[in-house]
Structures are given as C-alpha cells and as structure tokens.
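Me: Could you take a close look at one part of this structure for me? Pick a single helix and walk me through how it sits among its surroundings.

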Amino acid sequence: MKKSESSVKHATNRRAFLTNGMVAAGAATMGAALLPGASTAFGREEDDHAPVTKGDIAILTFLSALEQVEADLWIQYAELGGATNQGLSTIDLELNGKKIVTGLAPNYITALEVLDGDMPQYIADNTDDEISHHRFLNHYLASKGARPIDLSEFATLPPSRVSGVPPTGRLTNLKQLTVDTTWWTRYRSETANPDFGGIFENAVPDLAKGKHPAIPVDDGDLILNADGSIPNHLQAIANTAGFHFAFIEQGGSSLYPALAQKVTNLEVLRVLLSIGGSEIMHFQTWHDKAGNATNITDGDLSFPNLNSGVDPNPNGTSANPADDFQTNLIMPEPTLFLNAKLGPVSIIRPTSTAQGGAVASVVSFVDDGLFLDPATNKNTGIVDVLMRLADEADEARRRF
Ligand SMILES: [Fe+2]
Ligand SMILES: [Fe+2]
C-alpha cells in the first residue's frame with residue numbers, strides 16, 4: 001500500500017533532521033523558520049519541507065566568504081576604472097554605508113574603453129552586484145540563525161598608490177596576477193569538457209605565466225605618450241583587467257551550479273540558482289569585451305590576434321584554431337556532457353565538484369595570485385580560512 005505523501009515527507013524530514021543535526025547551534029536559538037516543515041519567513045510557496053541543513057549553511061557561508069573576496073577585487077577595479085556617473089545620475093556605490101570613490105584613473109578608463117565604451121559602467125555595476133551578493137548571503141545566513149562571515153581581518157594587502165585611492169588594506173592583490181585564459185577555448189570546444197577530462201589551451205599564453213598588473217600601480221603608470229596616445233604598458237594593464245574580469249566571473253558561473261547540486265532546502269537552491277545566474281551574466285559580458293583587447297606587446301606580455309586562424313600557443317595543439325579562438329564565438333559551443341551518446345549540448349562547464357566546486361574555486365584564486373602578499377611573497381592567512389570553508393561546502397550532500 002502506498003503511503004500518503006505527507007507521511008512519507010514527514011518521515012523523510014525527520015530522518016534528514018536527525019541525520020544532519022541541523023546547524024551546530026541549538027535549535028531553540030534558531031527560530032521556527034529552521035525547523036523541518038515550518039514555514040519560512042520568505043513565503044510558503046517555496047517551502048518544500050526539506051530542512052536547511054548543516055551542509056546548506058556550509059555552502060552559503062563559503063559563498064558569502066568568496067563573494068566578499070569578489071567584492072574586494074571589484075571595488076579596486078571600480079575605484080580606478082569605474083564610472084563616476086550613470087547617465088544623468090551619479091554612481092552610488094557603497095560598502096557598509098561608506099561611499100566608494102570611483103573613476104580615479106581617467107587614462108586607465110580610456111584604455112579600458114578600447115575594449116568597450118561601456119566598460120566603466122559595467123565595472124561599477126559588477127562591483128555593486130558583488131557587494132550585494134555578500135551582503136544578501138550574510139543577511140540570509142543570519143535569518144537562518146547562522147553566523148554571517150566577515151574576512152576583513154585579512155584585508156592587509158596594499159592597494160594601488162594612484163592618487164586618491166583610499167590607502168586601506170585589501171583582501172586581494174591585483175598587481176601581480178597570473179591569469180588563466182583557458183576558459184576561452186573551454187567554451188569554444190565542441191568535443192571536450194573539463195568534467196570529462198578535457199584540457200584546454202590559453203587564449204593569451206603570456207598572461208598564464210609571470211605576474212602582471214591589472215590595475216595601474218601608481219600615477220607613473222598613467223602617464224600618456226608625448227602625442228597623447230596610450231602607452232602599451234597602460235593598454236596591457238587594461239587588457240589584463242579585461243581578461244581577468246572574465247576569469248573571475250567564469251569561476252562563479254561554475255561554482256554556483258556545482259554547489260547547487262549539494263543543497264537540500266528548496267529556498268537555498270533558489271538563492272544559489274538566482275545569484276549563480278547573475279555570475280553567468282557577468283561572465284558573458286566580459287567574455288565579449290575581452291575579445292576586443294588590442295594586439296599589443298608590453299615587455300614579455302603579448303595579446304595575440306585571436307582572429308588570425310593561428311593557434312597563439314607556442315606549441316599549439318588546436319586542430320581548428322579558427323573556431324577555437326575566434327573572438328565573436330562567445331556563446332557556449334555545444335559540447336560533450338554526461339554521455340557522448342546524448343549528443344553535444346550548450347552548457348556551463350565545469351559543474352563538477354572536482355573542477356568547479358568550492359576547493360577548486362579557491363585553488364584557482366590562489367593560482368591567480370589574488371592573495372599574494374608582496375612583502376613576504378607568500379599568501380595571506382585568508383587562504384587557510386577559505387580552504388577550510390571550501391572543504392566544508394564541498395562535503396555537503398543533498399539530503400531527503
Ligand atoms: Fe558574486
Ligand atoms: Fe561575480
């Protein structure tokens with residue numbers, strides 16, 4: 001005899017509650033919204049009676065931490081290259097009630113505008129979005145009786161010395177980046193997927209080695225040529241930023257779907273899908289703009305012509321360089337997913353824990369050089385904390 005749906009649900013919820021032990025804090029302090037079957041504060045419609053599990057909280061906590069890192073780096077981009085006004089209104093970026101100054105480096109903005117005239121606006125908006133992601137996730141954690149996360153104690157890295165930039169410590173270093181640009185070919189491949197063993201070539205091989213600034217380090221970087229044109233070094237900084245924007249946001253595009261597969265509560269799933277979609281919108285925008293980077297050389301850094309039909313890698317392995325590098329092929333090419341028998345499909349990739357999960361995301365940020373302290377040539381202590389939070393997030397399992 002078939003059990004009634006509600007009794008099955010009740011048993012399942014009780015089992016999940018006992019298995020997961022909910023959040024570490026006592027249930028009494030968490031409020032009724034956390035209890036299985038209780039209506040959430042945000043609408044009965046979204047309540048599937050699955051509890052917010054300890055794993056859900058671990059995922060939300062990690063995401064909030066990583067969003068704080070994203071916000072920190074985007075704030076640095078906005079201070080120097082963000083728009084100062086939005087059409088007829090002013091840009092009103094704020095962090096914790098404090099106004100963020102934007103557009104302090106007009107010549108850097110000019111170099112960014114080579115990639116697209118709207119770059120300063122998009123930079124300001126991406127910054128606003130990341131601040132909102134971190135703030136919302138912290139508020140959401142608090143609403144579930146869990147602890148919001150704040151990594152400000154690791155904000156010890158020196159910012160740009162360009163005039164006007166607040167001389168406060170930062171979580172991230174944008175002056176010595178090693179930018180992985182394999183996402184470029186990953187999204188153009190029609191046969192390979194990182195989740196199924198695919199490996200990919202860089203679009204800008206020089207960015208993937210060495211250490212490159214993505215922001216002007218000081219006022220000296222902003223001096224124009226005698227004829228008023230942009231020096232290659234400044235254009236290279238702006239081009240590096242252009243590729244770095246897409247690198248950061250493709251990470252978020254994979255991270256959210258990777259972690260969404262581990263959440264239990266439907267509303268938490270909704271949070272991940274909704275914020276994750278905004279990361280994908282960012283990535284798509286930056287992917288398009290990066291292709292407009294001018295083909296210049298600055299010291300050991302060259303930005304190749306990706307429309308020449310030639311593989312830009314010294315020992316390139318591309319069988320079809322025209323398709324693997326062409327700049328306007330920014331829609332995700334249908335590729336292998338799950339099983340080759342199902343046929344190629346246009347998707348976000350990776351979405352596995354191993355390739356796109358929390359630990360993988362932290363490792364990619366570390367490899368990017370984001371936490372490198374120039375004073376010690378070592379990473380700051382934030383890496384240990386992020387790795388611990390990432391481990392807990394990746395260990396979460398969907399429970400019913
Ligand atoms: Fe974000
Ligand atoms: Fe993002």
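**A close look at helix 2**

Reply: Some background on the whole protein to begin with: among contacts between residues at least 6 apart in sequence, 74% join residues at least 24 apart (a contact means C-beta atoms, placed from the backbone, within 7 Å). The model is predicted, so local features need pLDDT of at least 70 and side-chain atom pairs count only at pLDDT 80 or more, while totals for chains, interfaces and linings use all residues. Residues are numbered from 1 along each chain as its sequence is written, with chains lettered from A and ligands numbered from 1 in the order in which they are written.

Now helix 2: residues 54-81, 28 in total, reach 40 Å from first C-alpha to last, close to the 40 Å expected at 1.5 Å a residue (1.5 Å times one less than the number of residues; helices are DSSP runs of H or I, at least four residues, numbered from the N terminus). This helix is mostly covered, with 28 of its 28 residues buried (20 or more other C-beta atoms within 10 Å of a residue's own, all placed from the backbone).

Its partner here is helix 4, residues 119-143: the two axes come within 8 Å and cross at roughly 150° (lines fitted to C-alpha atoms over the stretch in contact, angles running from 0 to 180 degrees between N-to-C directions). That makes helix 2 roughly antiparallel to helix 4 (over 145 degrees).

Over in helix 4 you'll find Ile 131, which counts as buried because it has 23 C-beta neighbours inside 10 Å. Ile 131 touches Ala 71 and Leu 95, leaving out residues up to four places away in sequence.

Notes:
Helix = DSSP H or I, 4+ residues; strand = E, 2+ residues; numbered from the N terminus. Buried ≥ 20, exposed ≤ 12 C-beta atoms within 10 Å, placed from the backbone. Contact = placed C-beta atoms within 7 Å. Parallel < 35°, antiparallel > 145°, perpendicular 65-115°, else oblique.
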